[in-house]
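Trainee: I'm new to this one. Can you walk me through it?
Mentor: Sure, let's put it up.

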Amino acid sequence: MKSQSQSEDQRATGTSATANSHTPAEAARNGAEIEPPEIDAPEPAPSEPSRGNGRPLPASVLTPPPPAPSPHLDDYRTIIGQAPLDALRFLARDLKGKSIKMVNSTAVGGGVAEMLNRLVPLLTELEVPTHWDVITGGNDFFEVTKAFHNALHGSSYELTKAAQEIFLMYNEQNRDRLQFGEEMVVIHDPQPVGLIRSRERTRASWVWRCHIDLSNPDAHVWEFLRPFVEQYDAAIFSSQSFARQLPIPQYLFYPCIDPLSEKNKELPDAVVQKICDEFGIDRSRPIVTQVSRFDRLKDPVGVVHAYKLAKKYVDCQLVLAGGGASDDPEGAAVLQEVKRAAGDDRDIIILDLPPWCALEINAIQRASTIVVQKSLKEGFGLTVTEALWKGKPTIAGAVGGIPNQIIHKLTGVLVHSVEGCAYQIRYLLTHPDFAKRIGTSGREHVKENFLMTTNVKRWLLLFRILERAKSRRGTGRSQ
Amino acid sequence: MRKPDKPFFFNTSEHLLRIGRQKATTLCELWQALQTCPDDSIFQHTFRTLQEHHFIRQGFSNDFAHWCISACNEPVLAEQLASVDVREFTAIEGLRRRMVGIVDEFLQTHPRSGSKAGHEPFYFCASDIVVLPTPFSPDSLPGFIDGLKQVSVHSIHHHFIEARLRLHLMSNDFSQWLEEETGLPQAADAIERIDIYTSTMEGVRQQIAAIVEQASN
């Protein structure tokens, strides 16, 4: 799941949107402020996107494509098979007539909105009506929540009385504005966590879905938020290591990818070839790729060094495809560092892509012989998920949520250094049978655990489990 | 072979992973937590992990063994833990004792390994389980084979592996039905001998189908 910081940035520059609707498209019709959706790796559009090593990007990527229609459940049959779809329908059957409310802090932009945009229609198609509301707030609120976000990730922060009051005031305003008539209310991330104060007025089970890593939070901010979290019926985290000790049940929901999205759908080979031709990637020779922002935590310079070490023994090209260099001074600096490290090697192809190039990223990943994600720090690492889904032998840093995806030597290869990465590039390029085997297992691992359909299943399971618990203890609260 | 009196109801189980309160950062802590963690944590990290990794043919048997090699670099202990076959147990308590015993013996012979920190913690988890029906409830062998080929691998795991804990028998739902309802004890025995640790769950499905097809011809 993409970090929330970018959407926080967007909100901090203006008043938030409201989307009391099923999808952001409906939100737009309701007057919500809609911005172009983000993809996971690159950042907002550079004004003059260019190939990092100097040549301009092809004209086909200079403007965003029209949005693709949302898929229906049956569209997934060819991917996951009939039996898992049957299981989803059986799971939903006992929930018919019951509804869910999702609440987050942005209608578009960021991984959470992207995920909800797909999840909400699928749950509704299963006759579990799911409503999606977005909280509102002024710049002051989103400045505070951005600071909270960074503090929860471990940055130091002085929690002032004023910040607490701003946070509480906007949560109270949203409490007055929103209705909670559904049977399950899901609050995403810390911004709307204070809505739990409406719990006693509802019949719902309340769930806090935390998409961020709470393993090392600023103590003051966490102690401020914790009393709210403890009032929920359950909390959900994206990794075991992201969770806190809490007196409520905590569930593990891995982030997911949509196999029918532009980034992950199957592509005809002709499309892959055309895109490679446009970027000057030679498919007749091995291709090693890393897809990520130009960010030091993704260690693109380390990848260049690993490639150069490996190239002493095996022929290959290196593709570094990402974004973030045109709007972000640090990204631009990192891009320069990468170019310096690459030198005049014509087999290193550096692509600073605009954020709508999901199809191009898809094609490059599919054309790759090996995918690398040599992160030094990582959230869950959805670019790893994308590579595994395409059956690519994947080498990745053993950080964040990556070990949940890569079981060393079974579904991919974990590395801890430039030298280790270089060795694994050499090994995988010279042992294609092993590379194919881990690629195949990696795809199965994603199919089982990290697809949107599995995410739908988890929500239905949780809903059933909470409904069962509610009926055991009596309905409890009343409106 | 006779016509079954009762149909075979193919069910499946779906699991929602719960993050537990315990974690281990050393082998000593693992040994302690193994003794006190809930039964459903032992179930999760042994029986359930096989289901989660059903597509891997070799090299992954349970989470405890995997952590001992990947985080603690203790191949001897990892091999010993990996050699435990969950199908030898009809109750979690016995499986827990076996795991605790293996770690205990290892720590007695390798005391310095006990306090060495693994490079990542072991997080004890558990699952909330929901059992679901499937569209398949055959009352004939051809129907059984057809259902077997169409249900998910989770259904195979539910009937073939998890069933032991439900039945409290060294058997499985398929073998029970084949023996009791169709009079095919040899097929039932052959199914029981399938090695789940050298095959994917898809492979297990194919082996079961082949055994029943052969027996019904």
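Trainee: Which residues of α4(A) are buried?
Mentor: Pro84(A), Ala87(A), Leu88(A), Leu91(A) and Ala92(A). Buried means that 20 or more other C-beta atoms, placed from the backbone, lie within 10 Å of a residue's own. Helices (H or I, at least four residues) and strands (E, at least two) are DSSP runs, numbered from the N terminus. Mind that this is a predicted model: local features need pLDDT of at least 70, side-chain atom pairs need 80 or more, and totals for chains, interfaces and linings use all residues. Residues count from 1 along each chain as its sequence is written, while chains are lettered from A and ligands numbered from 1 in the order written.

Trainee: Where do those buried residues sit around the α4(A) axis?
Mentor: They fall within an arc of 130°, so they line one face of the helix. The arc uses directions from the helix axis to the C-beta atoms.

Trainee: And what covers them?
Mentor: The cover includes α3 and α17 of chain A, plus β1 and β2 of chain B.

Trainee: How many residues of each chain are in contact?
Mentor: 29 of chain A with 25 of chain B. Contact means C-beta atoms, placed from the backbone, within 7 Å.

Trainee: New topic. Is β9(A) enclosed or open?
Mentor: Largely enclosed, because six of its six residues are buried.

Trainee: Which strands pair with β9(A)?
Mentor: β8(A) pairs with β9(A) in the parallel sense over five bridges. β10(A) also pairs with β9(A) in the parallel sense, over five bridges. Pairing takes at least two DSSP bridges.

Trainee: What stands opposite Val319(A) in β10(A)?
Mentor: Ile349(A). In β8(A), Thr289(A) has Val319(A) as its bridge partner.

Key:
Buried ≥ 20, exposed ≤ 12 C-beta atoms within 10 Å, placed from the backbone. Contact = placed C-beta atoms within 7 Å.
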